[in-house]
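Q: Got a minute to go over this one with me? I'd like to talk about the ligand site.

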Amino acid sequence: METVKFEELEISNKILKAVMDMGFEAASPIQAKAIPVVMSGVDMIGQAQTGTGKTAAFGIPILEKVDPKSKKLQAIVLCPTRELAIQVSEEMHKLGKYLHGIKILPVYGGQEIVKQIRSLKSGTQIIIGTPGRVMDHMRRKTIKCDAVHTIVMDEADEMLNMGFREDMETILEQIPEDRQTILFSATMSKEIQEIAKRFQKDAVTVKVVKKQLTVPSIEQYYYEVRKKNKDDILCRLLDLYAPERSLVFCNTKKKVDELVEVLKGRGYSAEGLHGDLKQIQRDRVMNAFRNGKTEILVATDVAARGIDVDDVEAVFNYDVPQDDEYYVHRIGRTGRAGRSGRAFTFVVGKEIYKLKDIQRYCKTKIYMKPVPTVDDVEQIKVEKMMERLEDIIEHVDLSKAVHVLQKQMNESNDYTSLDYAAALLHLEMGYDQEEENEDQEEYDLEGTGAEEGMVRLFINIGKKQNVRAKDILGAIAGESQIPGRVVGRIDLNDKYSFVEVPKEYAVKVLESMKSVKIKGKTIHIEPANKSGR
Ligand code: AMP
């Protein structure tokens, strides 16, 4: 797997800057191959699936080619659905954000045509549209094609499946012959080849050649999720499987940074790894991961290349990888050296097709799993607790504990052994804290022994749980959304800690830190009392 940087693709600085803002670390394989071809001006057939980065593969060269000084329509992108038209248009807007004077407009059925006509009249150089609506505008002469030099048929196979063949042909016939014609399709059917033959000239075919790779035989699952729920579901899975060492893959540097912040804020031990880090930082992050100080490493594909850690228990694909080969590399990080491993992939909407592609190419099976609910996590915790208890019953001499209990029961005679066992479980599972959490409490913020203007808070975890000051700081800043810098002194003891926060934030912190986990343990937090607790 060779990495091609965007800088190597002779892209102008303004677009390069936009690409960096989007957090892309390297060109995806289809981009690395297609961008130079499209930029050279020849016709191209690109074979690529959604999710491979194909939009930028044609979007960047179009933005380079369009002349902002001319207000005439210069490029048309045809898409099968309005959703895709909107998506492509948004992506091109982002890529072109530093280019002045270029107007990009999505046009699709269902949208008020009068409004579209007004926008078209105000000088649009690029339109992204569905075939029916584009034809409609051509008929009304609200789209004029005399200056169009580039046409893209995105997801051409989909357009054919949806019965747009005639529309596509009508549109292509009206565009000047000395145009550049680009066709993207996930499959290369006979029909696609016919269209290509009829409407393209000496087209170059670009696809990512796949090497045969061996997929490690590890358990692979996927979850269908919504984008906005990814963080919560990741945390739930981390709680459920409690892997000691896990890798989380994101597609962009930006996402790596954001996710690390979220995880730290929720009390997980996570660090990020991507190409913006200096060698020194990289080494520090890797060492911490290797020696177990960091449990979760969040990384981009490029940055993860050099990772040589053997006992990664689980790999999470927070984003579906952009290339089939990446998938194999990613999941190959777990289950090494004969150990068992698991790989989990989050799939949003259409990405399911990408996953099907991966399965076909890798000749592997990725099983769907229902997203665990909060109750599932709870149940697993109970099961784990019961296992622990049964282990103790079988292997530990309990005579002393039995004796204490019998004595107590003889003396009070009011409760059964089940009552005592239930009470112990209640305590151990933290149910008592949940109950307390149900109503807003009134807090006594006076006399906590803090500095002037501050309140000292007690937290029931400490050094014994490997908690560090920054874990507490991260959890408070993340959960209560107060700036980390206003948090005062943090004192760590073996089994508990103190932290000072400004008085005005104290209730907010106390409320938002209820049932928060730090280092996997649900914490209890309250105002400290004068005696030091
Ligand atoms: P597409 O296949 O064009 O639908 O792109 C899928 C997603 O990948 C979009 O959210 C893009 O913003 C993103 N993307 C495109 N190129 C890259 C890249 N080189 N690195 C990371 N993400 C990318």
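Q: Which domains does the shell around the ligand draw from?
A: The shell takes at least three residues from each of domain 1 (6-208) and domain 2 (218-372); these bounds come from an automatic or database domain assignment. It's a predicted model, where local features need pLDDT of at least 70, side-chain atom pairs count only at pLDDT 80 or more, and totals for chains, interfaces and linings use all residues. Residues are numbered from 1 along each chain as its sequence is written, and side-chain values use heavy atoms, with hydrogens and water left out.

Q: How many residues surround the ligand, and which are the closest?
A: There are 16 around the ligand, with A26, Q31, G51, G53 and T55 the closest; being near takes a heavy atom within 4 Å.

Q: Which polar side-chain atom lies 2.6 Å from a ligand oxygen?
A: One from T55. A backbone N or O atom of G53 also lies 2.7 Å from an oxygen atom of the ligand, and for a backbone N or O atom of K54 the distance is 3.3 Å.

Q: And how much of the ligand does the protein cover?
A: 82% of the 500 Å² of accessible area that the ligand has on its own, by the Shrake-Rupley method with a 1.4 Å probe.

Q: Switching topic, what other domains are there?
A: Besides domain 1 and domain 2, the assignment gives domain 3 (376-429) and domain 4 (454-531).

Q: How far apart are domain 1 and domain 3?
A: Their C-alpha centres lie 67 Å apart.

Notes:
A polar contact is a pair of N or O atoms within 3.5 Å; within protein, one must be able to donate a hydrogen and the other to accept it, and residues adjacent in sequence count only if both atoms are side-chain atoms.
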